[in-house]
Amino acid sequence: PTLPTLSHLPTLPRLPTLSHPAGPAMQVNPALPSPPAPWPSPALLVHPVARETVEVLVKYDAFIRRQELRVAKARSAVASGFALPAWLSYAAVPGLSAEEVEKLSAARPATLRQAQAISGVTPSGIDRLLRHVQHSRTVRGAHRGVAAGGGRPGRRGGGAPGSAE
């Protein structure tokens, strides 16, 4: 049997040849529509709210970790019965609200746990108290050249003798 021939079909014009550095040459028919656009960027496939959440988490990761560490330290200090010094002036603690200063000054708690139990004292107030006392002990000790927390309460190193805080 003989194979049918395609001689009865019209001949097509020669198509331009394109070469691509990544692959073999291919022929393109300009009469055909262009191929579909490539897939959209993966960023466009993610829901905007999910994308924003991830961006915020990535952007603020260091801050979030630092805050979580501070919360853990405050919880540990409260649980261990961290003592508040008798010399502490609550009005000098930066960031405490007027209500916190008033209630803490009236109650004069001996520990952070007692301070935490006072109505109106917030977790951020406890954190501020802890940081202030730790900083004050370090500064007071450095001024005297003694271990942190040492020395006589009510006096600052480097001041005139008998000068109070």
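**Group meeting: helices and core of a predicted model**

Good morning. In this chain, confidence is highest in helix α4, residues 98–107, at a mean of 95, and lowest in strand β2, residues 23–27, at 56. What I am presenting is a predicted model. Over the chain the mean pLDDT is 77, and 59% of the residues reach 70 or more. Please also note residues 146–165, where pLDDT stays under 50. For that stretch the model has 30 contacts beyond four places in sequence.

Let me begin with helix α3. This helix runs over residues 61–79 and so contains 19 residues by the DSSP assignment. From its first C-alpha to its last, α3 reaches 27 Å, close to the 27 Å expected at 1.5 Å a residue. Which residues of α3 are buried? They are A74, A77 and V78. These residues cover an arc of only 100° around the axis, and therefore lie on the same side of α3. The face turned away from that buried side carries the exposed residues R65, E68, K73, R75 and A79. After the helix comes G81, whose phi is positive, near 75°.

One residue of α3 deserves a closer look, namely V78. Its relative accessibility is 9%, and because buried means under 20%, V78 counts as buried. Which residues does V78 contact, once neighbours within four places in sequence are left aside? The answer is L112, R113, Q116 and I126. As for D127, it stands 49 residues from V78 in sequence, while the C-alpha atoms of the two are 9.9 Å apart in space.

I turn now to helix α4. Here the buried residues are E100, V101 and L104. They too are on the same side of their helix, because the arc they cover around the axis is only 100°. The exposed residues A98, E102 and A106 are found on the other side of α4. Just after this helix, R108 takes a positive phi of about 45°.

The next topic is the nonpolar core. In soluble globular proteins, nonpolar side chains tend to be buried together. The largest nonpolar core in this model has 19 residues. Within it, the residues with the most contacts are L84, Y90, L104, L112 and L129. Which elements give two or more residues to this core? They are α3, α4, α5, which covers 112–116, and α6, which covers 123–144. The largest share comes from α6, with four residues.

Two of those well-connected residues have already appeared in this talk: L104 is among the buried residues of α4, and L112 is one of the contacts of V78. Another, L129, touches L88, Y90, V93, L96, L104, L112 and A115, not counting residues up to four places away in sequence. L129 is thus in contact with both L104 and L112.

Finally, a word on aromatic rings. How many aromatic pairs does the structure hold? It holds one. The ring centres of Y60 and F63 are 6.2 Å apart and their planes meet at 50°, so the pair is classed as tilted. Are these two residues buried, exposed or partly exposed? Y60 has a relative accessibility of 38% and counts as partly exposed. F63, with a relative accessible area of 49%, is also partly exposed.

Thank you for your attention.

How values were computed:
Residues are numbered from 1 along each chain as its sequence is written. This is a predicted model: local features need pLDDT of at least 70, side-chain atom pairs count only at pLDDT 80 or more; totals for chains, interfaces and linings use all residues. Side-chain values use heavy atoms; hydrogens and water are left out. The expected span of a helix is 1.5 Å times one less than its number of residues. Buried means under 20% relative accessible area, exposed over 50%, partly exposed in between (1.4 Å probe, protein chains only). The arc is that of the directions from the helix axis to the C-beta atoms. Contact means heavy atoms within 4.5 Å. pLDDT is the predictor's confidence in each residue, from 0 to 100. Rings of Phe, Tyr and Trp (its six-membered ring) pair if their centres lie within 6.5 Å; planes under 30 degrees apart count as stacked, over 60 as edge-to-face and the rest as tilted. A nonpolar core is a set of buried Ala, Val, Leu, Ile, Met, Phe, Trp, Tyr and Cys residues joined through side-chain atoms within 4.5 Å.
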